[in-house]
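I opened this model to look up a few helix contacts and a ligand shell. My entries follow in the order I made them.

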Amino acid sequence: MTPPDRDAQLQMLRAMHEIRFFEDACHRLFATGSVRGTTHLCQGQEAVTVGTLHALRPEDQMTCTYRGHGAVLAKGVALDRSFGEILGKADGLCGGKGGSMHLTDVDKGALGSFAIVGGHLPVAVGVAFAARYRRTDELSVCFFGDGSTNIGAFHESLNLASIWKLPVLFVCENNLYGEYSPLHTTTPIEVLADRAAAYGMPGIRIDGNDVLGVHATVTEAAARARAGEGPTLIEMMTYRQKGHSRADPAAYRPDGELEAWLARDPIVLHERSLLADGVAQEQLDAIRAAAEEAVEAALERAQSWPDPDPETRLEHVYA
Ligand SMILES: Cc1ncc(C[n+]2csc(CCOP(=O)(O)OP(=O)(O)O)c2C)c(N)n1
Ligand SMILES: [Mg+2]
């Protein structure tokens with residue numbers, strides 16, 4: 001298997017920077033009250049979604065959680081329409097009615113960000129079944145947290161996907177916490193990938209902060225799935241650098257834990273690998289600056305868009 005070429009590796013760096021800057025801006029918008037409610041940042045976890053989705057094809061279908069900004073952007077969804085959605089604008093992805101926890105762009109294969117923990121795993125299995133039924137070559141990739149692996153739907157989904165050998169990749173973002181609870185207080189086993197054994201599928205645990213490692217593992221699992229050999233559970237070890245949501249200062253974390261993970265920041269690790277590979281620091285700086293500029297320009301555009309017409313408030317509402 002050949003690793004991604006230099007260009008592809010630089011694109012992954014750019015994608016991770018865009019997500020990081022996008023969420024810096026989200027944090028600002030929520031902290032200053034420009035947007036009400038809450039948001040769940042994935043800062044620190046960018047290599048999981050970027051490494052995964054850059055190993056897949058545009059026509060593959062993706063489902064993710066309320067911590068979904070990274071997955072949606074890595075799937076190729078527009079920065080400005082994502083901001084527009086969070087700002088409640090008419091031209092936001094869902095007409096401004098979904099917000100941060102529900103970014104969705106069906107045309108891009110971003111089938112939904114789901115706020116019911118584990119609720120989207122059956123959806124991902126259904127998407128894979130549909131791909132098989134329509135005789136396409138598409139994959140269904142599903143991102144979910146460590147906490148989801150204690151939900152009944154996780155177990156039913158893995159079982160069904162395995163018995164029908166459906167083309168699904170189950171990507172568990174193990175960030176060590178389910179909301180405010182350390183994993184070991186809710187889960188009697190340490191390696192979540194071991195749960196795959198119960199469903200007769202491969203379970204792999206990898207470093208989720210190493211974007212090239214993620215890319216390699218997903219490439220292999222995707223080839224298996226497309227060949228009709230069935231799903232894989234991939235547990236990616238990572239860390240959310242911020243609290244669970246906007247209101248959480250994450251004071252429950254043991255001393256030194258955040259610092260240890262900041263030293264393993266996925267962007268820093270990838271830059272280090274590119275430097276070692278001969279890429280000049282100036283080029284890395286230029287990529288970072290271009291990403292920041294693109295994000296700020298997208299935010300400005302979205303802020304200039306009109307609010308939805310009040311007359312549309314009952315559209316797309318089921319009652
Ligand atoms: C079925 C269900 N139960 C409880 C909640 C409340 N809740 C929201 S996020 C969360 C933690 C989930 O943890 P994890 O799956 O590890 O994802 P992470 O937030 O760490 O990305 C909980 C319990 C919910 N949204 N849905
Ligand atoms: Mg978690």
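I take two residues to be in contact if their C-beta atoms, placed from the backbone, lie within 7 Å. I also keep in mind that this is a predicted model.

**Entry: Leu 73**

I started with Leu 73, which is found in helix α3. What does Leu 73 touch, leaving out residues up to four places away in sequence? I found Glu 18, Ile 19, Phe 22, Leu 79 and Ser 82. Is Leu 73 buried or exposed? The cut-off for buried is 20 or more other C-beta atoms within 10 Å. Leu 73 has 26, so I noted it as buried. I then checked its separation from Val 117. The two are 44 residues apart in sequence. Their C-alpha atoms are 21 Å apart in space.

**Entry: helix α4**

Two contacts of Leu 73, Leu 79 and Ser 82, are among the buried residues of α4. I went there next. Helix α4 spans residues 79–86. How many of its residues are buried? I got eight of eight, so α4 is mostly covered. The list takes in Asp 80, Arg 81 and Glu 85 as well as Phe 83 and Ile 86. These buried residues pack against α1 (6–31), α3 (69–74) and α10. Just after the helix, Gly 88 takes a positive phi of about 75 degrees.

**Entry: α4 against α10**

Helix α10 covers residues 281–304. The axes of α4 and α10 come within 8 Å and cross at roughly 50 degrees. I therefore logged α4 and α10 as oblique to each other. Their crossing is right-handed. Which residues meet here? From α4 I have Leu 79, Asp 80, Phe 83 and Gly 84. From α10 I have Ala 294, Val 295, Ala 298, Leu 299, Arg 301 and Ala 302. By class, this contact has seven nonpolar, one polar and two charged residues.

**Entry: α1 against α2**

I turned to α1 and α2 (46–53). Their axes come within 10 Å and cross at roughly 140 degrees. α1 and α2 are therefore oblique to each other. α1 passes α2 in a right-handed crossing. Met 12, Ala 15, Met 16, Ile 19 and Arg 20 of α1 meet Glu 46, Ala 47, Val 50 and Gly 51 of α2. I sorted these into six nonpolar, one polar and two charged. Ile 19 also appears among the contacts of Leu 73.

In the loop between α1 and α2 I picked out Arg 36. Is Arg 36 buried or exposed? Arg 36 has 9 C-beta neighbours inside 10 Å, so I marked it exposed. Arg 36 and Asn 150 are 114 residues apart in sequence and 31 Å apart in space, C-alpha to C-alpha.

**Entry: α5 against α6**

Helix α5 (residues 121–133) packs on helix α6 (residues 152–163) at an angle of about 15 degrees, with the axes 8 Å apart. That makes α5 roughly parallel to α6. The crossing is left-handed. On α5 I listed Leu 121, Pro 122, Ala 124, Val 125 and Ala 128. They meet Ala 153, Phe 154, Glu 156, Ser 157, Leu 160 and Ala 161 on α6. The split is nine nonpolar, one polar and one charged.

**Entry: ligand 1**

Last, I looked up the ligand shell. How many residues surround ligand 1? I counted 14. The closest are Val 117, Gly 145, Gly 147, Gly 178 and Glu 179. By class, the shell has four nonpolar, seven polar and three charged residues.

How values were computed: Residues are numbered from 1 along each chain as its sequence is written. Chains are lettered from A and ligands numbered from 1 in the order in which they are written. This is a predicted model: local features need pLDDT of at least 70, side-chain atom pairs count only at pLDDT 80 or more; totals for chains, interfaces and linings use all residues. A residue is near a molecule or strand if its C-beta atom, placed from the backbone, lies within 6 Å of it. Ala, Val, Leu, Ile, Met, Phe, Trp, Tyr, Cys and Pro count as nonpolar, Asp, Glu, Lys and Arg as charged, and the others, Gly among them, as polar. Axes are lines fitted to C-alpha atoms, for helices over the stretch in contact, and angles run from 0 to 180 degrees between N-to-C directions. Helices (H or I, at least four residues) and strands (E, at least two) are DSSP runs, numbered from the N terminus. Angles under 35 degrees count as roughly parallel, over 145 as roughly antiparallel, 65 to 115 as roughly perpendicular and the rest as oblique. A crossing is left-handed if the near helix is turned anticlockwise from the far one by less than a right angle, and right-handed if clockwise. A residue is buried if 20 or more other C-beta atoms lie within 10 Å of its own, exposed if 12 or fewer, and partly exposed in between; C-beta atoms are placed from the backbone.
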